[in-house]
Amino acid sequence: IIVMDKKINKISKNDNLIKLHFENDTKEYDGVFIFRSAISIENLIFGLESSGAYINVDKNMATNIEGLYAAGDCTGQPLQIAKAVGEGNIAALSVAKYLK
């Protein structure tokens, strides 16, 4: 596990790896978890669609950026553990399907 606090400018996919593009660097990973505690959505990932303080997702928890999924409190009300767990499960299954 690598913890970073760099701003991501772009996310792309290369075969089965996720490429994170930073200001002066690009790195590839098997998987990525983005924790957003006090960062505004506008500063999280360029082009990520939101409604107010929440990230827009479809029924599979996919965002408007291909290969990027969101779940839990960052996707809207209600802010409940049960919702976060359920959405996390849907997102994980969707990611697995996407990677196949």
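Which residue in β3 does Leu 20 stand opposite? In this predicted model, Leu 20 stands opposite Lys 27 of β3. The pair belongs to a sheet that is described below, after the overall architecture.

The protein contains two helices and five strands. Read from the N terminus, the elements follow the order β-β-β-α-β-β-α. The C-alpha trace spans about 40 × 30 × 25 Å along its principal axes. The radius of gyration is 13 Å. A compact globule of 100 residues would be expected near 13 Å, so the value agrees with that form. Buried residues make up 26% of the 100 in the protein. Among contacts with a separation of 6 or more, 20% link residues 24 or more positions apart.

Three strands build an open sheet in the order β1-β2-β3, with antiparallel pairing. The edges are taken by β1 (10-14) and β3 (26-29). Each of these two has a single partner strand, so one of its sides has no neighbour in the sheet. Neighbouring strands are turned against each other by 25° on average, direction ignored. In general, the strands of a sheet pair through backbone hydrogen bonds, in a parallel or an antiparallel manner.

The pairing can be followed strand by strand. Five bridges connect β1 and β2 in the antiparallel sense. Within this pairing, Ser 12 stands opposite Lys 19 of β2. The two strands form a hairpin with two residues between them. Asp 15 lies in that turn and has a positive phi of about 55°. On the other side of the sheet order, β2 and β3 are joined by a hairpin through four residues. Their antiparallel pairing runs over four bridges. Ile 18 has Tyr 29 of β3 as its bridge partner, and Leu 20 stands opposite Lys 27.

Leu 20 also appears in the nonpolar interior. The largest nonpolar core comprises 15 residues. Those with the most contacts inside this core are Ile 11, Leu 20, Ile 45, Leu 48, Ile 55 and Leu 68. Two elements, β2 (17-21) and α1 (41-44), each give two or more residues to the core. Leu 48 illustrates the packing. Beyond its neighbours within four places in sequence, Leu 48 is in contact with Ile 41, Ile 55, Thr 63, Asn 64, Ile 65 and Leu 68. Of these partners, Ile 55 and Leu 68 are themselves listed among the core residues with the most contacts.

A charged residue was examined next. Glu 87 is located in helix α2, which covers residues 81-99. Its relative accessibility is 14%, under the 20% limit, so Glu 87 counts as buried. The side chain of Glu 87 reaches the backbone nitrogen of Gly 72 at 2.7 Å. Gly 72 is also one of the contacts of Glu 87 that remain when neighbours within four places in sequence are set aside. The others are Met 61, Ala 71 and Thr 75.

Methods: Residues are numbered from 1 along each chain as its sequence is written. This is a predicted model: local features need pLDDT of at least 70, side-chain atom pairs count only at pLDDT 80 or more; totals for chains, interfaces and linings use all residues. Side-chain values use heavy atoms; hydrogens and water are left out. Buried means under 20% relative accessible area, exposed over 50%, partly exposed in between (1.4 Å probe, protein chains only). A polar contact is a pair of N or O atoms within 3.5 Å; within protein, one must be able to donate a hydrogen and the other to accept it, and residues adjacent in sequence count only if both atoms are side-chain atoms. Contact means heavy atoms within 4.5 Å. A nonpolar core is a set of buried Ala, Val, Leu, Ile, Met, Phe, Trp, Tyr and Cys residues joined through side-chain atoms within 4.5 Å. Two strands pair if DSSP finds at least two bridges between them. Axes are lines fitted to C-alpha atoms, for helices over the stretch in contact, and angles run from 0 to 180 degrees between N-to-C directions. The radius of gyration is taken over C-alpha atoms; the globule rule is 2.2 Å times the number of residues to the power 0.38.
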